[in-house]
Amino acid sequence: MTTVTAEQIKNLRETTGAGMLDCRKALTENNGNMEEAIDWLRKKGLSAAAKKSGRIAAEGVVALAVEGLKGAIIELNSETDFVARNEQFQALARNIAETAVRHSIGDVEELKKVPYPAGGDNVADEIVKSIGTIGENINLRRCAILGVTHGIVASYIHNAVAPNMGKIAILVGVESEGDLNKVEAFGKQIAMHIAAARPEALSTAEVDSAKLDRERAVYREQAAASGKPPEVVEKMVEGRIRKYYEEVVLLEQLFVVDGKTKISAAVAEAAKTIGKPLKITGFIAYRLGEGIEKATSDFAAEVAKTAGHAA
């Protein structure tokens, strides 16, 4: 039987991030061969990842990276907030965001195929490897890219857990040929506004038509119930639609900085101050876990189940 040294175990742990006992077993099973031991651990990691992949991952981080005239946002989910504060998990999120912006990829499946910057594996393989070493299901849920032709992509992180990652991540495209420091400062204010006001569209033209039709139908039925003439009902409906736009359209919202100026007017004022035309071209807002149905558990049932297994 091959004797496994402490130095071999140490080297394998540093290479793979696996636990000490797993490294010892991997080396023993493979007669001290480091490469075969790494492959053995990776296979076990794949097995472990498969078992964990069915568990809901609704925690984690949203992370962003900005490079030149473009920025990227990703959402990387874990099962617990504890893991989201793990340095290895955060490094994974940071590297994936930087990979997305470097390759200008806003599609998850395409991003998974790209080589991971810290090694020979692609992004998907690195996620699987991290599942094995961290011990929780990890899921790259979504990603997006935003760019401008000239100007800046401003960014903002709310509830940051590390640089460029947290619970809310915002990117805003601001095009201008003015002083970039001033343009970026304004863009940062707009990004903070988006985090607080939660707009759904940049302009009225970009509001989802199906959703607008539903709102209009509801308002029309409510107005018709008042017994007013049809022409009055239509005026009432249009008034409600204008109010709806003020709630969901960025350029129609009141700027949270002062609570009285429309964003469109704030853009015009910023352009005047900077001395050059200025335009918001788009935004991306990611909020951690939005749309994910989190699992709820009956604590008493969990205790009973655990006790039953122990019996």
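This is a dialogue about reading features in a predicted model.

Trainee: How many helices and strands does the chain have, and how many residues?

Mentor: The secondary structure of this predicted model comes to 12 helices and 6 strands. The chain has 311 residues, of which 41% count as buried.

Trainee: What do the contacts and the surface say about the chain as a whole?

Mentor: One may ask how far apart in sequence the contacting residues lie. Among contacts between residues at least 6 apart in sequence, 65% join residues at least 24 apart. As for the surface, the chain exposes about 16,800 Å², and carbon and sulfur atoms supply 51% of that area.

Trainee: At what angle do helix 8 and helix 11 pack, and how far apart are their axes?

Mentor: Helix 8, residues 180-197, packs against helix 11, residues 263-274, at an angle of about 165 degrees, and the two axes are 10 Å apart. Angles over 145 degrees count as roughly antiparallel, and therefore helix 8 and helix 11 are roughly antiparallel to each other. The crossing of helix 8 past helix 11 is right-handed.

Trainee: Which residues make the contact between helix 8 and helix 11?

Mentor: Helix 8 contributes Lys182, Val183, Phe186, Ile190 and His193. From helix 11 come Ile263, Ala266, Val267, Ala270 and Ile274.

Trainee: How are helix 5 and helix 7 arranged, and which residues meet there?

Mentor: The same reading applies. Helix 5 (residues 87-103) and helix 7 (residues 123-134) pack at about 175 degrees, with axes 11 Å apart. These two helices are therefore roughly antiparallel to each other. On the helix 5 side, the residues are Gln88, Phe89, Leu92, Ile96 and Thr99. They meet Val123, Glu126, Ile127, Ser130, Thr133 and Ile134 in helix 7.

Trainee: Let us turn to single residues. Where is His158, and what does it touch?

Mentor: His158 belongs to strand 4, which spans residues 152-162. Setting aside residues up to four places away in sequence, His158 touches Gly166, Lys167 and Ile168. Residues separated along the chain can also be compared by their C-alpha atoms. Those of His158 and Ala169, 11 residues apart along the chain, are separated by 6.5 Å. In addition, the side chains of His158 and Tyr156 are joined by a polar contact of 2.9 Å.

Trainee: Why does His158 count as partly exposed?

Mentor: A residue is buried under 20% relative accessible area and exposed over 50%, with partly exposed in between. His158 counts as partly exposed because its relative accessibility is 31%.

Trainee: Is Asn30 buried or exposed, and where does it lie?

Mentor: Asn30 lies in the loop between helix 2 (20-29) and helix 3 (34-52). With a relative accessible area of 13%, Asn30 is buried. Leaving aside neighbours within four places in sequence, Asn30 is in contact with Glu36, Ala37 and Trp40.

Trainee: What should one look for in the phi angles of Asn31 and Asn164?

Mentor: Most residues other than glycine have a negative phi. Asn31 has a positive phi of about 55 degrees, although it is not a glycine. Asn164 likewise is not a glycine, and its phi is positive at about 65 degrees.

Trainee: Where are these two residues found, and are they buried or exposed?

Mentor: Asn31 is found in the loop between helix 2 and helix 3. Its relative accessible area of 58% makes Asn31 exposed. Asn164 is in the loop between strand 4 and strand 5 (165-176). Asn164 is partly exposed, with a relative accessible area of 45%.

How values were computed: Residues are numbered from 1 along each chain as its sequence is written. This is a predicted model: local features need pLDDT of at least 70, side-chain atom pairs count only at pLDDT 80 or more; totals for chains, interfaces and linings use all residues. Side-chain values use heavy atoms; hydrogens and water are left out. Helices (H or I, at least four residues) and strands (E, at least two) are DSSP runs, numbered from the N terminus. Buried means under 20% relative accessible area, exposed over 50%, partly exposed in between (1.4 Å probe, protein chains only). Contact means heavy atoms within 4.5 Å. A polar contact is a pair of N or O atoms within 3.5 Å; within protein, one must be able to donate a hydrogen and the other to accept it, and residues adjacent in sequence count only if both atoms are side-chain atoms. Accessible areas come from the Shrake-Rupley method with a 1.4 Å probe; for residues, only the protein chains shown count as cover. Axes are lines fitted to C-alpha atoms, for helices over the stretch in contact, and angles run from 0 to 180 degrees between N-to-C directions. Angles under 35 degrees count as roughly parallel, over 145 as roughly antiparallel, 65 to 115 as roughly perpendicular and the rest as oblique. A crossing is left-handed if the near helix is turned anticlockwise from the far one by less than a right angle, and right-handed if clockwise.
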